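Me: I'd like a close look at one part of this model, the place where the two chains meet. Walk me through the pieces that build it and what sits behind them.

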2 protein chains.
Amino acid sequence: MARIVMKFGGTSMAGIERIRHVANLVKREAAAGNQVAVVVSAMAGETDRLIQFCREASSLYDPREYDVVVASGEQVTSGLLAITLQGMGLNARSYMGWQLPIRTSAAHAAALIDGIDVAVLERVFDDQGIAVIPGFQGVADDGSVSTLGRGGSDTSAVALAVAMKADRCDIYTDVDGVYTTDPRIVPRARKLDIVTYEEMLELASVGAKVLQTRSVGLAMRENMPVRVLSSFEEPDESRPAGTRRGTMIVGEDYMQSREAQGKNMERQLITGIAYDKNEARISLIGLSDKPGTVAAIFAPLAAANINVDMIVQSVAREGEKRDLTFTVPTAALAHSVDALTQAKDEIGFEEILTDSNVVKVSAVGVGMRSNAGIAARMFEALADRGIRILAIATSEIKVSVLIPEEYTELAVRVLHTAYGLDAESDA
Amino acid sequence: MARIVMKFGGTSMAGIERIRHVANLVKREAAAGNQVAVVVSAMAGETDRLIQFCREASSLYDPREYDVVVASGEQVTSGLLAITLQGMGLNARSYMGWQLPIRTSAAHAAALIDGIDVAVLERVFDDQGIAVIPGFQGVADDGSVSTLGRGGSDTSAVALAVAMKADRCDIYTDVDGVYTTDPRIVPRARKLDIVTYEEMLELASVGAKVLQTRSVGLAMRENMPVRVLSSFEEPDESRPAGTRRGTMIVGEDYMQSREAQGKNMERQLITGIAYDKNEARISLIGLSDKPGTVAAIFAPLAAANINVDMIVQSVAREGEKRDLTFTVPTAALAHSVDALTQAKDEIGFEEILTDSNVVKVSAVGVGMRSNAGIAARMFEALADRGIRILAIATSEIKVSVLIPEEYTELAVRVLHTAYGLDAESDA
């Protein structure tokens, strides 16, 4: 017997036929003797419809009342799933965020979960019951309805799993797992059976649609195993031997214990190739070599809440002018240029160049920690295809390069092959 | 300054444009210095959509979960109206049924209001605020969401008005008031400026779409003045002199005090003509004259929860067979015949005849109490047109006849004229 949270996204809840399918998946877990709490999203499209209403009502809508409106979408699907489960003879009931309660901060429309009271759930489990809980919503200390922001249902599910000390949190979605890279670019991309939290966060650009980043961060802090799988996929027992369902997202200690058991022997140094087109390059030309220049550049950006990513400083002889290149989110490019231009006198640069036609391509893998030569292999592979590297950044588990956007697909394919990630044959 | 409840139905809340119009009506009352609580229905069609979901999920849906689903409709419109009012610079906030709370019985999908806590509202009024409250919903003692049954928002509004000791409850709908009869049948029907609760209840057949009967009963018990008016109608100040907006529904004491003040001098003996096609006639032929026969007839019907209305017993000499005719709701006709047939031996009748092609036409008015000849005028007017009367029933404020259904329109028009209710000219 295991204690699990099952979370279903909007596509899985879109209409009664799909809800019936979800109910069958829940029934199967319950029939296996597991204690099950289900977290649901609103029907696909419903949250957008409700947000649109709020915007039409007033462009400066009160986030507190916005939460009252948009929380209704998950309320509906929770009740409908409970009804459907009951119709199958199961002992199911819904519990709204304010009923459990799921206590949150008062930051309406972007609330943080403070805690979840599981006393009600323990009684439900004692009665062999199934609890259905709306994702995305909670209740603030003043008794007002709150929501966690878009995609918050994943976070609700992980937080609930942590609170009820679940064995794992299963996130059902419309893809069958996390891939080594974007399968639309590389048909030979492979589904990963297992990744670490850190890798999942770095792979966000190719996996963002799979799982909300915030929920991965929470799972990592709390060491809660998360499994991503498709609600439209066949169950394990009917799959070909040797294939696992979905992708497990776990801590490194879990991964190491598996390796100690002789599993994961075939583990690659690199887990996947990510890319992110949402970066723009800024170059400041003709900077003076005086102390404090770099601080003068980044202070106004930090004040404007702009996240600076890759930073490359040209090497210059003492006393000579030098250049500095870095990236910011594309959406913040205009704002960044404004902030830098206003600070031009303090910084002291001659020219500011920008380029939003760039892409950051990254090789991600915890395996690279103990292996040299990972970065070198990347530079070689890209050089072989004549792809110019505009900037480089490395971390413990990631090597990233900034390249011209037009080379995105080529670079991803080349690196996927270079690191031995291609599947044996096209799936 | 007055303290008022304003209630808006689904047609008035159907979409942001209409909600904006509603917000303007609310703003006008608040600007006049009134303390205002607003009760809203779900958008027209939304409750039906949600009920349909529940039915599809399971034909035997749990009313408790049904309430979770359907209560969401009013939650959405409450939040949207609060946002719209805020957008106009007003201090408005929504309060769900569980937040006030509006305490109800645990009879899910048909809950009764036990009480409403107005402490929160008093604070809102102290701050010159406007409270927006979803109709139709409340919270049961165990903390579960409850709903009052279809049309329950009118009842929510009246109950809230009673709890907050409002001066009146304004029910905004898509008609401009209560009429002397159905204007589709009698183009010269007049809008009534004022009716008593008792008259309103008797006029339910022509006014049922205007106001839920249950809310009128509550207003009558609590002596809460209710005004029915159209949310699409022009405000009083822009109306022609001498015309009032909507229809006031009040107690007889209020009516008498107006008459003592010299108002309502032109008041008619009869307030309106109602008709009800939802009645079916049952005749039991050849009943024996033994004691207890009538009791034997009505006991099985009462046991089956069937409301018997008009009852006519034929006069027979002692020892002779006699007949008994009465009416039941059309929907209960088959059930009634079953119950009577099963009890045939105890009752002792020769034949059972039924007819659902009948209509009950009623003249309603508190003025008839002090006036003889009201019934006689009805019988004469119908006889002049050759309309056969199948049964007669009278009460303190009503004379009803059962006639063949095909004469409905003719009888209503004839009686409307006979009692002097026709407007001077077609409106």
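Reply: One term first: two residues are in contact if their C-beta atoms, placed from the backbone, lie within 7 Å. This is a predicted model, in which local features need pLDDT of at least 70 and side-chain atom pairs count only at pLDDT 80 or more, while totals for chains, interfaces and linings use all residues. Residues are numbered from 1 along each chain as its sequence is written, and chains are lettered from A and ligands numbered from 1 in the order in which they are written.

Now the meeting place itself. Chain A and chain B put in 29 residues each. On the chain B side, at least two residues apiece come from helix H1 (16-31), helix H2 (46-57), helix H3 (63-70) and helix H4 (72-87) (helices are DSSP runs of H or I with at least four residues, strands are E runs of at least two, and both are numbered from the N terminus). H4(B) is the top contributor to that side, with 11 residues. By class, the side of chain B that touches chain A holds 15 nonpolar, 11 polar and three charged residues (Ala, Val, Leu, Ile, Met, Phe, Trp, Tyr, Cys and Pro count as nonpolar, Asp, Glu, Lys and Arg as charged, and the others, Gly among them, as polar).

So who meets H4(B) from across the way? H2(A) is one partner: the axes of H2(A) and H4(B) come within 8 Å and cross at roughly 25 degrees (axes are lines fitted to C-alpha atoms over the stretch in contact, with angles from 0 to 180 degrees between N-to-C directions). That makes H2(A) and H4(B) roughly parallel (under 35 degrees; over 145 is roughly antiparallel, 65 to 115 roughly perpendicular, and the rest oblique). The crossing of H2(A) and H4(B) is right-handed, meaning the near helix is turned clockwise from the far one by less than a right angle. H2(A) brings A:Leu50, A:Phe53, A:Cys54 and A:Ala57, and H4(B) answers with B:Val76, B:Leu80, B:Ile83, B:Thr84 and B:Gly87. That contact splits into seven nonpolar, two polar and no charged residues.

Inside chain A, H2(A) also has H3(A) to deal with: their axes come within 9 Å and cross at roughly 145 degrees, in a right-handed sense. A:Thr47, A:Leu50, A:Ile51, A:Phe53 and A:Cys54 of H2(A) meet A:Tyr66, A:Val69 and A:Val70 of H3(A). Here you get seven nonpolar residues, one polar and no charged.

Back in chain B, H4(B) packs with H1(B) too. The two axes come within 9 Å and cross at roughly 60 degrees, so H1(B) and H4(B) are oblique to each other. Their crossing is right-handed. H1(B) uses B:Ile16, B:Ile19, B:Arg20, B:Val22, B:Ala23 and B:Val26, while H4(B) uses B:Leu80, B:Leu81, B:Thr84 and B:Leu85. The tally is eight nonpolar, one polar and one charged.

B:Val26 and B:Leu81 lead on to B:Val38, whose contacts, beyond four places in sequence, are B:Met6, B:Val26, B:Leu81, B:Ile130, B:Val132 and B:Ile133. Together with A:Val38, B:Val38 touches the most other members of the largest nonpolar core, which has 251 residues (buried Ala, Val, Leu, Ile, Met, Phe, Trp, Tyr and Cys joined through C-beta atoms within 7 Å; buried means 20 or more other C-beta atoms within 10 Å, exposed 12 or fewer, partly exposed in between).
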